[in-house]
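Student: Hi, have you got a few minutes to go through a structure with me? I'll pull it up here.

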Amino acid sequence: MVTTLTVNGTSHQIDLPGDVPLLWVLRDAIGLTGTKYGCGVAACGACTVHIDGQAVRSCQVALGDVSGDITTIEGIGTPDAMAAIQDAWVTHQVAQCGFCQSGQIMMAAALLAQNPSPDDREIDETMSGNLCRCGTYPRIRAAIHTAAEQLRKA
Amino acid sequence: MSRIKTIARRTFLITSAAIVGGVAFGTYKYQQDAPNPLTAGKGEAALNPFVFIDQSGVTLIAPRAEMGQGVYTTWAALIAEELDVELADIRVLHGPPAKAYFNSAAMQDVLPGKGYDMSGFMHSLSQVIGGAGKFFDLQVTGGSTSMRDGFDRMRVAGATARETLKQAAAERLGVERASLSTKGGQVIAPDGTAITYSDLAEAAALIDPPKVTLRDPSQWRILGRTQPRVDMVAKVTGTAKYAIDTRVDGMRFATLRINPKLGGAMNSFDASEAEKMPGVDRVIDLGTGIAVVASNTWLAIQAAEAVEIDWGDAPYPPDTDGIFARIDKAFDSDANSAMRDDGDADTLPEGATLIEANYRAPFLAHATMEPMNAAAFYTGDALEVWAGNQSPTFTQAACAKAAGLENEAVRLHTPVMGGGFGRRVETDFSVYATRVAVAMKGIPVQVTWTREEDMRHDFYRSGALARFRGAVKDGKAVLMDGQISAARTTQQAVNRLAGMSPGGPDKGQVDGAFNQPYAIPNYRIRGYLADLEVPVGFWRSVSASFNGFFHDTFLDEMAHAAGRDPLEFRLELMREEHPASAGTLEAVREMSGWTGKTPDGVGRGVGYTYSFGTPVAQVIEVIDTADGIRINKAWIACDVGLALDPGNIEAQMIGGMIYGLSAACFGEITFYEGEVEQFNFPDYDVLRMHNTPVTEVRVLEANKYMGGVGEPGTPPAMPALGNALFDLTGTRARELPLSKTFDFVL
C-alpha cells in the first residue's frame, strides 16, 4: 500500500504497511536519520517530530494515521542556515553525545511556538519527557531561554 | 620514493611521510614494529598519522573515540595550539584500528600506588609501564585517560608539523626559518608574504622534521580556554552520523533476539510465522538467539517477536537473592587484594568507639541513548563494519574472527557514539552484525537492537556488598577496615577482549576505596571476587561507582559518631595527606556556604571521591516538598591538575554527577528466573530536567598531575545524596537505589 507523506516540504511515496511507525518510515524508508530511535515506547523523546507544528513521538504515530505535514530536525535548519533554537544550542554548547538532542530541540521548538516566554517551571513541564543520559539538562534549559529571547527580538 | 624522517622526543618518535598532495605527521612509540594502519602505497613509507596537511587543509586523525566527552575537540585543540590553525579549520576523523594508537595512560594504573601520592619517580615509571598497553592492543577509549595520553603527543605532532612547514617556506623564500612566523594556517615572512600550509605541504614532505620545543603554557591561546566543540553543529542539526544512521545502497534492516537468560543456549526455535510476515527477508540462527532481516527495522522487530523460542538456562543463580548470596559468600574466601593495609586494622584502639555498617549496591545497566547496533557488509573476502565502539583494535579482530578473515580484510568505521559509558568497549554488537552480514553475503545489513534487548543484554555494573568497621576517638578517625565483594569485572572484561585473564590483585575492584587520601592510622581495604557468571563490565567510573558510595558513606557515619561536622572531619584527615583534595572540599564549603547546619525541610550532604587521577568533592542539597524529596542544588569542585578546556570539564562534571544521581535514586537491575526484569526506561528511570539540581562547578588546578574528567564526577554523587538525605530525615540508607528508602519527586 502506497501512502503519500509530506516531510520538510517534500512529498514522498511510501510503500509500507500502514501500521509502521512514522519513526521507521523517516529513518529507513526516507533516509532522514536525524530523528532518533531511543525506546520505541514514547518514554524518551528522542524521536520527537512536528506534525502540523505539534510535537509528537514519531515512534507512536502509525504511517496510516499521519494526517498533516511533517517537520523533522533536518527541516528546521541546516548547518549553513541554522534555526535560532539551533544557534542557541551552539551558543550554550549543549550537546555531548548528542543522540537525544534532535528530540530535545524539536520539543523545545514546539514549546516556543506556543509560549514565547516560558519560565523554568513551564520548560521543565514540557521537557520532562525527553531523556538525556549525558546530563545536559542545565544547558538545554539555558539554551531555551536564549532562543526565546532571540525569537522575541526577531 | 621511500622515506621516513624521524626525531626522538621523550619516549616516542615523530615521523613524517609524503601523501598525495601533501604531508602527514605521526608517531611511533618505543619499537617501530607495530603493524601499520595505513597500507603503504608503492614506494611510500607508511606511518601512524595524527595530522594530514594536504590541498584540502588540515585533518586530525583522532585515535580516540567521541562518545560525548569532547575528546575530538580537545585533541584538535592540542594540535591547533602548536600548529597555529584555528580550531574550526581542523577536520577531525577517527583513526583506523592500529596498535600504534594504543592508550599509554590506560595501563598506568598497574602500579600499586594510590595515585594521589605519586612521586616524580613513580610518575615516570608509570609512564614507562604504560608501554605495556601495546601488548594488549589497548586502543581503548576509557578510564578517563584520553587527555593524559594525548597531551604531549598531540602537541609535539602539531609543533613538528609547524616547524617543517616553516622550513619548506624558508627554502622557497631563501630566508632563515627563524625569521618566519605562523598564523591562521599560513607561514608569514618578515615582509608580510603569506603562504598557506596547503601550498607548502608537498614540499614539507621532503624535509627532515626539525627538533621542536613545546610552547610554554603562558603562550597558549587555545588550551586552557573553553572551546566550541567541533561536533556541535552536526549534533544540533541532525546531520551527525551515528552507527545507527549508517545508510548505504541496498541496505537491509535487521534486529535480533538473544537468550534473555544471559549466556544460556537456544534449544530450538520456530520461525514459520515470522518468515511469512511483511517485509521479512530471512530469519537467521545465531546459536544463542535469532536475527530477522527485513526491509524495515520495525518490520524486523515485529517478526522477531513472532519467532517462538525455547531458551536454555542461565549459568548463574536465577534470581537477585541467589546472585547476591554468591557475592556475600566471597567474603568467606581469601581476599583478592589488600591494596591498603596501614597500621593494625584488627585491633580496636583503646578507648575508641566502634562503628560497623554493611552496604549494598545493585547491578546497573549503561542505558546509552543510542541502543546497541552495528552495520556490516560482507563480500566473501572482505568485511566493512560500522560500529560506535570504544575499542577498535579489539573490535576489528573480533569481527575478523567471526567472518573467518584476516584482520587486514576488515575495514572498521567508528562514528560518533550516542553514549558509551563503558558499554561500547565490548565487541558483542559488532560481532552479531558481522555474523548477520556473513549470512547475507553481498548485502549490507544494519542490526539495531531494541531498547529492551539492549537493557536486558548488557555487561552490567556488578552488584556489590561491603562490610565496614571503624573507630573514632577524640573526634578523629583512628580505624577504618573495609571489605568489598563484587563479581570479577576486570577479569571478565579483559578476558572477553584479549582472550586472557589478568591474575593477581585486582586494583580496579577496590578503586575509589583503597586510594582515598585520608590519614587514618589503622586503615585497611580488602577486595573479594565472587564467582558469578552474570555478565559484568566497565560502567562509568567502574568499581569507584560503588566504592565511592561505601567508603564515603561510612566516613559520614564515622563523622556523626564522632560528633563532628562531616565536611570538617574529612578535611582534617586529608589536609596533610593530599592538599589538592583538601582544596576541593574547601571549595565546595565556600561555594555552598556550608555551615554544617540546615533549616527544617532542607538537608545537605558532602561527598568526596578520588578516582582516575582527579579528586572531586560535591555538596548536594535536598528539600522536602509536597510531591516528595527534591534534589535542589549541587556544588562540585574538582582538581584536574591542568584544565585544557574548562567548559568541557564543567559539562563532564555535571554530566558525571547526573549519571551517578540517576543511579543513586532509581537505578537497579534485578533478575528473576535467570532474566533481567527491566525492559525499558519506564522500568529503569533516570533523572530528567525537572528533577535535576541547579549546579555550580569549580575547576581547580593545584594537583601535580593531569587527571581524567569523564568518570570522576560520578562516584561522589551517590554518597553526597545519601548523606544529604540523612541530614534531612535522620534515616541512613545503606542500600542503593535510594528510592527504596525515600520518596523522590518523580
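Student: Starting with chain B, what share of the contacts with a separation of 6 or more comes from residues 24 or more positions apart?

Tutor: Happy to help! Bear in mind that this is a predicted model. In chain B, 77% of the contacts with a separation of 6 or more are between residues 24 or more positions apart.

Student: And how many helices and strands does chain B have?

Tutor: Chain B has 17 helices and 29 strands.

Student: How much of chain B counts as buried?

Tutor: Of its 746 residues, 65% count as buried.

Student: Switching to chain A, what does the domain assignment give there?

Tutor: Domain 1 of chain A covers 2–74, and domain 2 of chain A covers 76–153. The contact takes 18 residues from domain 1 and 16 residues from domain 2.

Student: How far apart are the C-alpha centres of those two domains?

Tutor: The centres of domain 1 and domain 2 of chain A lie 20 Å apart.

Student: What area do domain 1 and domain 2 of chain A bury between them?

Tutor: They bury about 1300 Å², with 57% of that on carbon and sulfur atoms.

Student: How many salt bridges and polar contacts go across?

Tutor: The rule finds zero salt bridges across the interface of domain 1 and domain 2 of chain A. For polar contacts, the count between the two domains is seven residue pairs, both residues at pLDDT 80 or more.

Student: Which elements give two or more residues to the domain 1 side of chain A?

Tutor: Those are β3 (48–51), β4 (54–57) and α2 (73–76) of chain A. The residues of that side divide into seven nonpolar, eight polar and three charged.

Student: Now for backbone oddities. What is phi of A42(A)?

Tutor: Phi of A42(A) is near 60 degrees, a positive value in a residue other than glycine. A42(A) sits in the loop between α1 (22–30) and β3 of chain A.

Student: Where does V542(B) sit, then?

Tutor: V542(B) is in the loop between β23 (522–530) and α13 (544–561) of chain B. Its phi is positive too, near 50 degrees.

Student: Why does V542(B) count as buried?

Tutor: Because its relative accessibility is 18%, and buried means under 20%. A42(A), at 35%, counts as partly exposed.

Student: Last one: which peptide bond is cis?

Tutor: The one from L736(B) to P737(B) is cis, with omega near 0 degrees. You'll find P737(B) in the segment after α17 (717–729) of chain B.

Notes
Residues numbered from 1 in each chain as written. Chains lettered and ligands numbered in written order. Predicted model: local features only at pLDDT ≥ 70, side-chain atom pairs only at ≥ 80, totals over all residues. Heavy atoms only, no water. Domains from an automatic or database assignment. Contact = heavy atoms within 4.5 Å. Buried area = accessible area lost by both parts, 1.4 Å probe. Salt bridge = Lys/Arg side-chain N within 4 Å of Asp/Glu carboxyl O. Polar contact = N/O pair within 3.5 Å; in protein donor to acceptor, adjacent residues only side chain to side chain. Helix = DSSP H or I, 4+ residues; strand = E, 2+ residues; numbered from the N terminus. Nonpolar A, V, L, I, M, F, W, Y, C, P; charged D, E, K, R; others polar. Buried < 20%, exposed > 50% of the residue type's maximum accessible area, 1.4 Å probe, protein only.
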